[in-house]
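Good morning, colleagues. Please take a moment with the sequence and the structure before I begin.

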Amino acid sequence: MLFGLSAAGLTSLPALAWLQMPLIALAAGMMARGFWRIYLSPRPICLNAISLCMLRALYWLALPFIITLAT
């Protein structure tokens with residue numbers, strides 16, 4: 001809760017309904033970019049704080065969560 005607003009209170013705002021599809025498209029694009037960057041990119045990802053194996057595991061854990069929230 002931030003400044004008296006919560007996610008439950010924001011769901012009843014019909015004025016923001018037009019943002020749903022662009023934000024779903026943005027989330028899908030970012031997940032596709034992440035997949036490309038983790039698995040297909042010729043440039044290595046900077047792995048100073050986390051290993052590539054852990055990064056891939058976090059990606060696959062986040063993907064179902066994001067798909068669930070988008071549907």
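Is F35 buried, partly exposed or exposed? The relative accessible area of F35 is 30%, so this residue counts as partly exposed. I should say at once that we are looking at a predicted model.

Let me set F35 in its context. The chain contains three helices and zero strands, and along the sequence the order reads α-α-α. Of its 71 residues, 7% count as buried. About 5900 Å² of surface is exposed by the chain, and carbon and sulfur atoms account for 76% of that area.

I turn now to the aromatic rings. A pair of aromatic rings is described by two quantities, the distance of the centres and the angle of the planes. The structure holds five aromatic pairs, and I shall discuss two of them.

In one pair, the ring centres of F35 and Y59 lie 6.2 Å apart and the planes meet at 45°; the pair is therefore classed as tilted, since that angle falls between the limits of 30 and 60 degrees. This contact links distant parts of the chain, with F35 in helix α2 and Y59 in helix α3, 24 residues apart. Whereas F35 is partly exposed, Y59 has a relative accessible area of 10% and is buried, because buried means under 20%.

Another tilted pair is formed by Y39 and W60, with 6.4 Å from centre to centre and 55° between the planes. It too joins distant parts of the chain: Y39 belongs to helix α2 and W60 to helix α3, with their positions 21 residues apart in the numbering. Both members are partly exposed: Y39 has a relative accessibility of 32%, and W60 has a relative accessible area of 42%. Through ring pairs, F35, Y39, Y59 and W60 are linked into a cluster.

My last topic is the empty space. Rolling a probe the size of a water molecule over the atoms shows where such space is left. The largest pocket holds about 370 Å³. Its lining comprises 13 residues, and those nearest the centre are L19, Q20, L23, I24 and L69. Two elements give two or more residues to this lining, namely α2 (20-40) and α3 (52-70).

Which element gives the most to the lining of the largest pocket? That is α2, with four residues. In composition, the lining divides into eleven nonpolar residues, two polar ones and no charged ones.

To close, helices α2 and α3 both contribute to the pocket lining, and the F35 and Y59 pair also links these helices. Thank you for your attention.

Definitions and conventions: Residues numbered from 1 in each chain as written. Predicted model: local features only at pLDDT ≥ 70, side-chain atom pairs only at ≥ 80, totals over all residues. Heavy atoms only, no water. 1 Å grid on protein atoms, 1.4 Å probe; cavity = no way out; pocket = protein on both sides within 12 Å on 5 of 7 lines; lining within 4 Å. Points joined across faces, edges and corners; volume = space filled by probe spheres on them. Nonpolar A, V, L, I, M, F, W, Y, C, P; charged D, E, K, R; others polar. Phe/Tyr/Trp six-rings, centres within 6.5 Å; stacked < 30°, edge-to-face > 60°. Buried < 20%, exposed > 50% of the residue type's maximum accessible area, 1.4 Å probe, protein only. Areas by Shrake-Rupley, 256 points an atom, 1.4 Å probe, with all protein chains shown as cover.
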